[in-house]
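I keep these entries in the order in which I looked things up. Each one starts from something I wanted to know.

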Amino acid sequence: MTFGQAIKNNFSKYVTFSGRAARSEFWWWGLFVMVTNLVLSWVDIALFGTVETGVGRVSGYTDMPVLSSLFLLATLLPSISVTVRRLHDRDKSGWWYWLFLVPIVGSIVLLVWFILEGTRGANSYGPDPLDPSGSGDSGEGLTSSSIPSVGR
C-alpha cells in the first residue's frame with residue numbers, strides 16, 4: 001500500500017473497526033499524522049505566536065495550537081480504528097489496544113505487535129489485506145458485520 005492509498009483508505013474507513021490493516025497502511029497513516037501535525041504546529045506558531053513567560057509580562061499572543069489541535073481531533077477516530085484493524089491483522093482482539101495503559105511494558109508489547117507481520121491468509125477478522133485475490137484461505141467461520149453498508 002502506498003502513502004496516498006493509506007491516507008485515502010483510513011479516511012474512507014473513518015470509524016471502521018472491523019477488518020484488517022496491513023503494516024504499511026498503519027505506518028503510513030502514523031507518518032501522515034505526525035508530519036502533518038508538525039507542520040500545523042509551525043503554522044500555529046507563525047499565526048498565533050507563543051506566550052512570553054515571566055512575572056508581570058502579558059503578551060498579545062495565545063499559545064493555543066488551534067490548527068494542530070483541530071487536525072488531531074479530526075484524525076483521532078481514524079487513528080484508533082487503524083490501530084484496532086492492525087491488531088486484527090495479528091489475529092488479536094481490538095481490546096488489546098488498552099494495553100498502552102500499562103506503563104512502558106504495554107507500549108513495548110504493542111510496538112512489537114505493530115512491527116511484526118500479520119497472519120497470512122484469512123483469520124477470524126477477515127481476509128489477508130495483502131492478498132489481492134482473497135484466495136489465501138476460504139474464510140470459513142467468519143461472521144459478517146452487523147453494521148449496514150451505505151452506498152456512496
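Entry 1. I start with the cut-off for burial: a residue counts as buried under 20% relative accessible area, as exposed over 50%, and as partly exposed in between. I looked up Asp 44 first; its relative accessibility is 4%, so it is buried. Asp 44 sits in helix H2, which covers residues 23–48. Setting aside residues up to four places away in sequence, I find Asp 44 touching Gly 49, Pro 65, Val 66, Leu 67 and Ser 68.

Entry 2. I note that the model is predicted. I looked up its confidence: the average pLDDT of the chain is 84, and 78% of the residues reach at least 70. Over residues 136–142 the pLDDT stays under 50, and I find 8 contacts there beyond four places in sequence. I leave the details of that stretch alone, because coordinates should not be read in detail where pLDDT is low.

Entry 3. I went on to the overall layout. The chain has 4 helices and 0 strands, and its elements read α-α-α-α from the N terminus on. Of the 152 residues, 28% are buried. I also looked at contacts between residues at least 6 apart in sequence; 64% of these join residues at least 24 apart. The accessible surface comes to about 10100 Å², and carbon and sulfur atoms account for 67% of this area.

Entry 4. Which residues form the nonpolar patch on the surface? I list Phe 3, Trp 28, Leu 31, Met 34, Val 35, Leu 38, Val 39, Trp 42, Val 43, Ile 45 and Leu 47, which together have about 1000 Å² of accessible area. H2 gives the largest share of the patch, with 10 residues. I checked one member, Val 39, which lies in H2. Val 39 counts as partly exposed because its relative accessibility is 40%. H2 thus appears twice in my notes, since it holds Val 39 as well as the buried Asp 44.

Entry 5. I turned to the nonpolar core. In soluble globular proteins, nonpolar side chains tend to be buried together. The largest core here has 14 residues, and Trp 29, Phe 32 and Leu 110 have the most contacts inside it. H2, H3 and helix H4 (105–115) each supply at least two residues of this core. The largest share, 5 residues, comes from H2. I then looked up Trp 29 itself: beyond its neighbours within four places in sequence, Trp 29 is in contact with Ala 6, Ile 7, Asn 10, Phe 11, Thr 75, Pro 78, Ser 79 and Val 82.

Entry 6. I searched the whole structure for salt bridges and found 4. Side chains of opposite charge can pair when their charged atoms come close. One of the bridges joins Glu 25 and Arg 85, with the closest N and O atoms 2.9 Å apart. Glu 25 belongs to H2 and Arg 85 to helix H3 (residues 66–89), so this bridge ties together parts 60 residues apart in sequence. Are its two partners buried or exposed? Glu 25 is buried, at a relative accessible area of 2%, and Arg 85 is buried too, at 0%.

Entry 7. I looked at a bridge within H3. Arg 86 pairs with Asp 89, the closest N and O atoms being 2.6 Å apart. The two are 3 residues apart in H3, so about one helical turn separates Arg 86 from Asp 89. Arg 86 is buried at 0% relative accessibility, and Asp 89 is buried at 4%.

Entry 8. Another bridge links Arg 120 and Glu 117, whose closest N and O atoms are 3.0 Å apart. Arg 120 is exposed, at 66% relative accessibility, whereas Glu 117 is partly exposed, at 34%. I also note a network: salt bridges with shared partners join Arg 20, Arg 86 and Asp 89.

Entry 9. Last, I looked up Arg 90, which is in the loop between H3 and H4. Not counting neighbours within four places in sequence, Arg 90 has contacts with Trp 113, Leu 116, Glu 117, Gly 118 and Thr 119. Glu 117 is also the salt-bridge partner of Arg 120. From Arg 90 to Tyr 125 I read 9.4 Å, C-alpha to C-alpha, for residues 35 apart in sequence.

Key
Residues numbered from 1 in each chain as written. Predicted model: local features only at pLDDT ≥ 70, side-chain atom pairs only at ≥ 80, totals over all residues. Heavy atoms only, no water. pLDDT = per-residue confidence, 0-100. Contact = heavy atoms within 4.5 Å. Buried < 20%, exposed > 50% of the residue type's maximum accessible area, 1.4 Å probe, protein only. Areas by Shrake-Rupley, 256 points an atom, 1.4 Å probe, with all protein chains shown as cover. Patch = residues over 30% accessible without salt bridge, like charges linked within 9 Å, V, L, I, M, F, W, Y side chains within 5 Å. Salt bridge = Lys/Arg side-chain N within 4 Å of Asp/Glu carboxyl O. Core = buried A, V, L, I, M, F, W, Y, C linked by side-chain atoms within 4.5 Å.
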